[in-house]
Amino acid sequence: MRNRSLWPYLLIAPTVAGGAFLLLYPMLKAALISLQHFRMGELIRGGAEFVGLGNYAELLAGAEFWQVVLRTLAWTAVNVVLIVVLSTGVALMLVRLRRGMRLALMSALALAWATPVIAATTVFQWLFQSELGVVNWALASLGFESFRGYTWFADGAATFAVLVILVVWQSVPFGALTLYAGLTTIPGELYESARIDGGTGWQVFWRVTLPMLRQLFALIVALEVIWVAKCFPQIWVLSQGGPDGATTTLPVYAFKIARVLHRYDLGSAVALLTVVLLAVALVANLRRMVRS
Amino acid sequence: MRRLALNAAALAVLVMTIFPVYWMFLTAFKPTRDIQARTPSFWPSAPTLEHFVTAVNAPGFWTYWRNSLLVTVVAVLLALVVALLAAFAVTRMRWRGRGAFVVMVFAAQMAPWEALLVPVFIIARDTELLDSLAMLTGVYFMITLPFTIVTLRGFLAAIPLELEEAAQVDGCSRLVAFRRVVFPLLAPGLMATSLFGFITAWNEFAFVNVLIIKEQDRRTLPVWLSSFRDVFGTDWGATMAAASLFALPALLLFLFLQRRVGVGMTAGAVKG
């Protein structure tokens, strides 16, 4: 049965079939559509025309696309920096806490982590609601009178800020719990000897903790970059990329073009360019993190 | 003094982490006049179930609930079965192309699903699978499948082959040996992977938006919840009750499975 049997191939057949129809075929189709003239008319009638790199040329020549790219970079940078810094802080905190408090904090993090994205997004709309939202109430009570009845979702920067808070809140649990698991593997003797040598807290962190966990940090940064750059449901539900396009990142842009404007060709091109941009950014990031 | 500051900071982080979830449940149980009060109360003084009644009686609630559950459960079970077959072939058999297959599965884990929204929509339209739960289930199955194979492969590889061989020596066929000996040991692995699949499918938002277009009663809970303004207007109590009902299965499953996963069930099964 071990050799030259058909069994293994029969066992992987469902996987191969699923992958071929639902993954490989759509990927080829995505590439093809991005090279065609494919809009509402072609969707109904069929017979899309091949236009080469026309869609990509149209995108790269337009100012809007580059604006969206820059916004996506800013969105990713702000979120990932906040997530990594806060996760590190919480992980270092977890290591130092006594058992009871540590378990309580870890349970809270797990709870936030498990909350479904759309549920959390709906809750944040309620938290930041203008008249009855608890955030405006708290800010006004603290003396920031201008926040009384403030409409967060009418202003681009404010909506952007709310989305950042939402995404950071959702992402820190994963980062903190993973880094905490990593921290517990560092032998205590290393810290002791660093202290004996007179290292301050900061020095110990930069010279001992960070080098020991370099690969874990590289992994977390990579995962968060992917997660944040591709983040779609939160933005779409909260602002649909508005107001005035202020929160339109690349995935939202691709979705809008395809679904609202019925420019399937251009939408596909944006989505594929996003994949390429992400791949380039990740390879560069990983190489630098591992080497330095 | 240091410990005090540390605990205070930890408490602040804890409150900030838990507050949105707490606020969701609290609002869902608050009477409407408390929700609309100028000064919000942070404790349930007179809990009520009226918002849950409103949410549950909203048009289509049970349909969306059933759709979500159906799509999620079928996708997860299908992925488990298909992945188990593939993982068995990869860990227990030698065959040509095995290495290539494993590499493909690893690569498929990083598939850019966001870029496949348009082609999947067009393929569904061409095959007349738009507005069908079957297509949606298929997509969720495929999103979770690579991860499921990779994890199950890890769990299977950790179960010593000697256990099966011992059963076979005792007269079991290979299939029976697998079912009686390996399958029970695999339970934690199956649960761990199904948790991931469940969360993914239960939460999925982009594909259901693209694939379910005309038939409103084929939508799932995330889409329904995202359009809460059309359903509940400014009734935040009912909106939070609906969000709570949507979040609850995920939260419960997470807490339930977290304890069970990762138990070393094979520990001590084979003497070294």
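The following exercises, each with a worked solution, concern a predicted model with chains A and B.

**Exercise 1. The first helix of chain B**

Task: Determine how the reach of helix H1 of chain B stands against its expected span, and where H1(B) has a kink.

Solution.
1. Helix H1 of chain B runs over residues 2-29 and has 28 residues.
2. From the first C-alpha to the last, H1(B) reaches 39 Å, which is close to the 40 Å expected at 1.5 Å a residue.
3. The kink is located at Phe19(B) and amounts to about 45°. The proline Pro20(B) comes shortly after this position.
4. Pro20(B) is also one of the buried residues of the helix, among them Thr17(B), Val21(B) and Met24(B). Ala10(B), Leu26(B), Thr27(B) and Ala28(B) complete that list.

**Exercise 2. Backbone features in the loops of chain A**

Task: Identify which peptide bond is cis, and state what the phi values of Asp244(A) and His262(A) are.

Solution.
1. As background, most residues other than glycine have a negative phi, and most peptide bonds are trans.
2. The bond from Gly242(A) to Pro243(A) is cis, its omega being near -10°. Pro243(A) belongs to the loop between helix H12 (233-239) and helix H13 (250-260) of chain A.
3. Asp244(A) lies in the loop between H12 and H13 as well. Its phi is near 60°, a positive value in a residue that is not glycine.
4. His262(A), likewise not a glycine, has a positive phi of about 60°. This residue is found in the loop between H13 and helix H14 (264-291) of chain A.

**Exercise 3. Buried, partly exposed or exposed**

Task: Classify Asp244(A), His262(A) and Leu49(B) as buried, partly exposed or exposed.

Solution.
1. The cut-offs are 20 or more other C-beta atoms within 10 Å for a buried residue and 12 or fewer for an exposed one, with partly exposed in between.
2. Asp244(A) has 11 C-beta neighbours inside 10 Å and therefore counts as exposed.
3. His262(A) has 16 other C-beta atoms within 10 Å, so it is partly exposed.
4. Leu49(B) counts as exposed because it has 11 C-beta neighbours inside 10 Å. Leu49(B) is placed in the loop between helix H2 (32-35) and helix H3 (50-57) of chain B. Its C-alpha atom is separated by 9.9 Å from that of Gly237(B), although the two residues are 188 apart along the chain.

**Exercise 4. The two domains of chain B**

Task: Describe how domain 1 and domain 2 of chain B are placed, and which helix gives the most to the side of domain 1 that touches domain 2.

Solution.
1. The domain assignment places residues 1-48 of chain B in domain 1 and residues 63-260 in domain 2.
2. The C-alpha centres of these domains lie 34 Å apart.
3. Their contact involves 7 residues from domain 1 and 6 residues from domain 2.
4. On the domain 1 side, H1 and H2 of chain B each supply at least two residues. H1(B) gives the most, with 4 residues.
5. By class, this side consists of 4 nonpolar, 2 polar and 1 charged residues.

**Exercise 5. The contact between the chains**

Task: State how many residues each chain gives to the contact, and which helix of chain A supplies the largest share of its side.

Solution.
1. Chain A contributes 60 residues and chain B contributes 62 residues.
2. Several helices of chain A each supply at least two residues, including helix H4 (63-96), helix H5 (99-114) and H14.
3. The largest share on the chain A side, 16 residues, comes from H1(A).
4. The chain A side divides into 47 nonpolar, 8 polar and 5 charged residues.

Note on methods:
Residues numbered from 1 in each chain as written. Chains lettered and ligands numbered in written order. Predicted model: local features only at pLDDT ≥ 70, side-chain atom pairs only at ≥ 80, totals over all residues. Expected span 1.5 Å × (residues − 1). Bend = angle between axes of the 7 residues up to and from the residue. Domains from an automatic or database assignment. Contact = placed C-beta atoms within 7 Å. Nonpolar A, V, L, I, M, F, W, Y, C, P; charged D, E, K, R; others polar.
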